[in-house]
Amino acid sequence: RWQKIFMIPLWSKMAVFWNKMFLTIIVLLIVLFLDAFREVRKYSSIHVNEKAANINSSAFDHIQMKLFRSQRNLYLSGFSLFLWLVLRRTITLLTQLAKEMTSHAALETQVNDATEAAKKYMAENERLQEALSGRGSGKNKESAEATQEKLKQEVEHLKEELQKTSTAFHKAKTEVAAVKKQSDSVRREYDHLMKEYERLQQSVNKAEDKKDL
């Protein structure tokens, strides 16, 4: 399914735009993360100073609310930044996997074609050997032997090509398996991070509900 999606011509046209959009969103998330970090430090210091000064409860609650919101923004921007990078890596692995599967199919077709051609030449060689055994003419025998030698050379050449194609085929299978394994690892890490993000989001929402009450 992913192979068919990534082979759509529209996707290749959107690739440049996607890279620009990814970099833009990365810069935006980094700015939001740094701003949230600055706010947390700012209101943390104010929170400690105001608590030590024993001011009225309304001002203290206002500072505490600002601190809570800045911490929430820090968590949200940080997790969004990390998950966006994970998403980018996942899409890259899916693209590589689709390309490797395409080359894998092409190499498999080449292996099958080379095997069929080798079988064909070997069958012709056997027929010539049978013809040679039934002929008594020296001239025809020499011509048949020359043809047989030529066929032997072609068979050897096809065997070499088959060996090369088989080696490339096994190499492509190994690369596809490695990409699949890496993709599964990223997917599991992504699922784990999503669960952690949902848990933190629920805790943040509960804390905000308590603050509103």
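Here is a trainee and a mentor talking through a predicted model.

Trainee: Let's start with the salt bridges. How many does the structure hold?
Mentor: One of them joins the side chains of R38 and D35 at 3.0 Å, N to O. Another joins R38 and E39 at 2.8 Å, N to O. For the structure, the count of salt bridges is 2.

Trainee: Which residues do salt bridges with shared partners join into one network?
Mentor: R38 meets D35 through its side chain, and R38 also meets E39. In general, side chains of opposite charge can pair when their charged atoms come close. Shared partners link the bridges into one network, made of D35, R38 and E39.

Trainee: Where do R38 and D35 lie, and how many residues apart are they?
Mentor: Their side chains meet in a salt bridge. Both sit in helix α2, about one turn of the helix from each other, and that spacing is 3 residues.

Trainee: Is E39 buried or exposed?
Mentor: Compare its network partners to begin with: R38 is partly exposed at 44% relative accessibility, and D35 is partly exposed at 36%. Buried means under 20%. E39 has 17% relative accessibility, so E39 counts as buried.

Trainee: On to the nonpolar side chains. Which helix gives the largest share of the largest nonpolar core?
Mentor: That core has 7 residues in all: W18, F22, I26, L29, L81, W84 and I91. Both α2 and α3 supply at least two residues each. The largest share, 4 residues, comes from α2.

Trainee: What does L81 touch, leaving out residues up to four places away in sequence?
Mentor: L81 belongs to the largest nonpolar core, and I26 and L29 are members too. With those sequence neighbours left out, L81 touches I26, L29 and I30.

Trainee: Is L93 buried or exposed?
Mentor: L93 is found in helix α3, residues 57-134. The relative accessible area of L93 is 0%, and the cut-off for buried is under 20%, so L93 is buried.

Trainee: How many residues apart along the chain are L93 and K180?
Mentor: L93 touches V179, Q182, S183 and V186, not counting residues up to four places away in sequence. The C-alpha atoms of L93 and K180 are separated by 8.2 Å, while along the chain the two are apart by 87 residues.

Trainee: What about the surface? Which helix supplies the largest share of the nonpolar patch?
Mentor: The patch is formed by I5, I8, L10, W11 and M14, with about 430 Å² of accessible area together. Its largest share is 3 residues, and they come from helix α2, residues 9-53.

Trainee: Is L10 buried or exposed?
Mentor: L10 is found in helix α2 and is part of that surface patch. Exposed means over 50% relative accessible area. L10 has 53%, so L10 is exposed.

Trainee: One for the record: how much of the span 74-91 is helix?
Mentor: An unreviewed UniProt entry lists residues 74-91 as "transmembrane region". In the model, the end C-alpha atoms of residues 74-91 lie 26 Å apart. Strand makes up 0% of the span, and helix makes up 100%.

How values were computed. Residues are numbered from 1 along each chain as its sequence is written. This is a predicted model: local features need pLDDT of at least 70, side-chain atom pairs count only at pLDDT 80 or more; totals for chains, interfaces and linings use all residues. Side-chain values use heavy atoms; hydrogens and water are left out. Buried means under 20% relative accessible area, exposed over 50%, partly exposed in between (1.4 Å probe, protein chains only). Contact means heavy atoms within 4.5 Å. Patches are made of residues with over 30% relative accessible area and no salt bridge: like charges are joined within 9 Å, nonpolar side chains (Val, Leu, Ile, Met, Phe, Trp, Tyr) within 5 Å. Accessible areas come from the Shrake-Rupley method with a 1.4 Å probe; for residues, only the protein chains shown count as cover. A salt bridge is a side-chain nitrogen of Lys or Arg within 4 Å of a carboxyl oxygen of Asp or Glu. A nonpolar core is a set of buried Ala, Val, Leu, Ile, Met, Phe, Trp, Tyr and Cys residues joined through side-chain atoms within 4.5 Å. UniProt positions are given in the numbering used here, feature names are shortened, and annotations may be inferred rather than shown by experiment.
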